[in-house]
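This report examines one structure through its buried residues, its cysteines, its nonpolar core and its main pocket. The sequence and the structure are shown first.

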Amino acid sequence: MSVHCKLSSILGGKRIKMAELVRMTGVSSATVNAMYHDRVKKIDYSVLNRICKALNCSVGELIIYVPDEE
């Protein structure tokens, strides 16, 4: 089982820089950086809410589940 954050793809598609997302959401730059590089271990619901609202996307578009190959 593997869960991945697609923030880098979404920001790239919308041509939004990480610094701009930080300003838009008030989420710390360390959190945005960890999500962007898919190194985040846990995410607070309020952070997900602010990012999804700013990017006009769903949680399912931002966070994806990839099952293990058997």
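Thr25 is buried in this predicted model, because its relative accessible area is 9%, and values under 20% count as buried. The residue belongs to helix H2, which spans residues 18–25. When neighbours within four places in sequence are left aside, the contacts of Thr25 are Arg50, Ile51 and Ala54.

**Nonpolar core**

One of these contact partners, Ile51, also appears in the largest nonpolar core, which has 16 residues. Ile51 is among the members that touch the most other members, together with Leu7, Met35, Leu55 and Leu62. Three helices each supply at least two residues of this core: H1 (7–14), H3 (29–36) and H4 (45–55). The largest share, five residues, comes from H4.

Leu55 can be followed further through its own contacts. With residues up to four places away in sequence not counted, Leu55 touches Leu7, Ile10, Leu11, Lys14, Ile16 and Leu21. Among these partners is Leu7, which is itself listed with the members that touch the most others in the core.

**Cysteines**

How many disulfides does the structure hold? The number is zero. A disulfide is a covalent bond between the sulfur atoms of two cysteines. The table sets out Cys52 and Cys57, each with its accessibility and its closest cysteine sulfur.

| Residue | Relative accessible area | Closest cysteine sulfur | Sulfur distance |
|---|---|---|---|
| Cys52 | 8% | Cys57 | 4.1 Å |
| Cys57 | 15% | Cys52 | 4.1 Å |

Why is the sulfur of Cys52 not bonded to that of Cys57? The two sulfurs are 4.1 Å apart, which is too far for a bond, since a disulfide requires cysteine sulfur atoms within 2.5 Å. Both residues are nevertheless shielded from solvent by the criterion used here: Cys52 is buried at 8%, and Cys57 also counts as buried at 15%.

**Largest pocket**

The largest pocket holds about 150 Å³ of space. Its lining is formed by Val3, His4, Cys5, Asp38, Val40, Lys41, Lys42, Ile43 and Ile63. Strand S1 (residues 2–5) provides the largest share of this lining, namely three residues. By class, five of the lining residues are nonpolar, one is polar and three are charged. The charged class takes in Asp38, Lys41 and Lys42, while His4 is the polar residue.

Key. Residues are numbered from 1 along each chain as its sequence is written. This is a predicted model: local features need pLDDT of at least 70, side-chain atom pairs count only at pLDDT 80 or more; totals for chains, interfaces and linings use all residues. Side-chain values use heavy atoms; hydrogens and water are left out. On a 1 Å grid over the protein atoms alone, a cavity is a set of points where a 1.4 Å probe fits but cannot get out, and a pocket is an open set with protein on both sides within 12 Å along at least five of seven lines; lining residues have an atom within 4 Å of a point. Grid points are joined across faces, edges and corners, and a volume is the space filled by probe spheres set on the points. Helices (H or I, at least four residues) and strands (E, at least two) are DSSP runs, numbered from the N terminus. A nonpolar core is a set of buried Ala, Val, Leu, Ile, Met, Phe, Trp, Tyr and Cys residues joined through side-chain atoms within 4.5 Å. Buried means under 20% relative accessible area, exposed over 50%, partly exposed in between (1.4 Å probe, protein chains only). Contact means heavy atoms within 4.5 Å.
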